[in-house]
Amino acid sequence: MRAIPLFVVALVLCGCTAPAPPAAGPASPAASPPVPAFQQSLPGSARRECVAVPGDATLVRSGDFIAGDFVEYRRQWHPDLGPDLGKLFWLPARPQLNAALTVTATSGGRTETYSAGSLATNDAGQAMYPSGIPLPAAGTWKLVAQAGDGWGCFELTLR
């Protein structure tokens with residue numbers, strides 16, 4: 001009897017779909033993957049557009065990513081946040097094994113770039129990128145996440 005890979009079992013149990021093969025050519029800005037039922041209630045959009053992060057939202061969807069924990073991030077954040085705090089995680093809709101995550105943060109003419117490196121697996125067996133994003137100042141930050149052809153944009157206001 002042939003063994004079923006563990007990731008196939010996890011995909012079936014969570015109702016997820018396997019990653020789609022990369023499309024030939026560049027992705028359309030409006031392209032988006034199918035959204036599993038549990039994600040449809042998340043704030044944000046499955047479309048490739050910038051979305052505002054509501055003050056009470058833990059998880060938010062934009063394009064090809066779900067990101068969070070925004071409630072905990074806001075609770076911990078302060079202007080001189082060190083690298084051990086300021087953690088956000090990024091769940092890609094279509095994980096790409098060799099694609100590193102880059103997050104570009106822009107606010108008031110200031111730009112910061114953060115790299116999260118390669119994919120990890122969370123406790124639920126989902127592919128995700130953990131990241132340290134120690135934003136240096138209060139204001140509204142546009143966080144653009146990119147990994148391979150995956151894209152998401154989150155507008156996070158810090159006070």
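Trainee: Which residue is the bridge partner of tryptophan 141 in β11?
Mentor: Leucine 156 is the partner of tryptophan 141 there. Keep in mind that this is a predicted model.

Trainee: OK. How many bridges join β10 to β11?
Mentor: There are 9 of them, between residues 139-147 of β10 and 150-158 of β11, and the two strands run antiparallel. Another facing pair is leucine 143 with phenylalanine 154 in β11.

Trainee: And what sits in the turn of that hairpin?
Mentor: The β10-β11 hairpin has 2 residues between its strands, and glycine 148 in the turn has a positive phi of about 60 degrees. As background, most residues other than glycine have a negative phi.

Trainee: Is β11 largely enclosed or left open, and why?
Mentor: Largely enclosed by the rest of the structure, because 7 of its 9 residues are buried.

Trainee: What else does β11 pair with, apart from β10?
Mentor: β2 joins β11 through 3 bridges, and those two run parallel. One place to look is alanine 52, whose bridge partner in β11 is glutamate 155.

Trainee: Zooming out, what's the strand order in that sheet?
Mentor: The order is β2-β11-β10-β6-β7, an open sheet of 5 strands with mixed pairing. β2 (50-52) and β7 (110-117) are its edge strands, each pairing on one side only. Ignoring direction, neighbouring strands are turned by 20 degrees against each other on average.

Trainee: How do β6 and β7 pair at the other end?
Mentor: In the antiparallel sense, over 7 bridges. Threonine 106 stands opposite threonine 111 in β7. β6 and β7 form a hairpin too, with 2 residues between them, and glycine 108 in the turn has a positive phi of about 50 degrees.

Trainee: New topic: the 6-stranded sheet. What order does that one have?
Mentor: Go β1-β3-β4-β5-β9-β8; this sheet is also open, with mixed pairing. β1 (44-45) and β8 (120-121) stand at the edges with a single partner strand each, so one side of each has no neighbour in the sheet.

Trainee: Do β1 and β3 run parallel or antiparallel?
Mentor: Parallel, with 2 bridges joining β1 to β3, residues 59-62. Glycine 44 has arginine 61 as its bridge partner in β3.

Trainee: What about β3 and β4, parallel or antiparallel?
Mentor: Antiparallel, joined by 4 bridges. Valine 60 is matched with alanine 67 in β4. In their hairpin, which has 2 residues between the strands, glycine 63 takes a positive phi near 55 degrees.

Trainee: And the next neighbours, β4 and β5: how many bridges?
Mentor: They pair over 4 bridges, in the antiparallel sense. Phenylalanine 65 stands opposite proline 92 in β5.

Trainee: Which residues of β4 are buried on each side?
Mentor: Phe65 and Ala67 are buried on one side, and Ile66 and Gly68 on the other, which leaves both faces of β4 covered.

Trainee: Where's the cis peptide bond?
Mentor: Between glycine 68 and aspartate 69, with omega at about -10 degrees. Aspartate 69 is in the loop between β4 and α2. For context, most peptide bonds are trans.

Trainee: Switching to packing: how many residues are in the largest nonpolar core?
Mentor: It has 29, and the ones with the most contacts inside it are Tyr73, Trp90, Leu101, Tyr129, Leu135, Leu143 and Phe154.

Trainee: Which elements give two or more residues to it?
Mentor: They are β4 (65-68), α2 (70-76), β5 (87-92), β6 (101-107), β7, β10 and β11. β10 gives the largest share, 4 residues. You've met Leu143 and Phe154 already: they are the pair standing opposite each other across β10 and β11.

Trainee: Last one, cavities. How many are there of 30 Å³ or more?
Mentor: There is 1, and the largest cavity has a volume of about 40 Å³.

Trainee: Which residues line it?
Mentor: The lining is Asp64, Phe65, Pro92, Ala93, Arg94, Pro95, Gln96, Tyr129, Ala147 and Gly150. By type, that divides into 6 nonpolar, 2 polar and 2 charged residues. Phe65 and Pro92 in that lining are also the residues that stand opposite each other in β4 and β5. Tyr129 is another lining residue, and Tyr129 is also among those with the most contacts inside the largest nonpolar core.

How values were computed. Residues numbered from 1 in each chain as written. Predicted model: local features only at pLDDT ≥ 70, side-chain atom pairs only at ≥ 80, totals over all residues. Heavy atoms only, no water. Pairing = 2+ DSSP bridges. Axes fitted to C-alpha atoms, helices over the stretch in contact; angles between N-to-C directions. 1 Å grid on protein atoms, 1.4 Å probe; cavity = no way out; pocket = protein on both sides within 12 Å on 5 of 7 lines; lining within 4 Å. Points joined across faces, edges and corners; volume = space filled by probe spheres on them. Nonpolar A, V, L, I, M, F, W, Y, C, P; charged D, E, K, R; others polar. Core = buried A, V, L, I, M, F, W, Y, C linked by side-chain atoms within 4.5 Å. Buried < 20%, exposed > 50% of the residue type's maximum accessible area, 1.4 Å probe, protein only.
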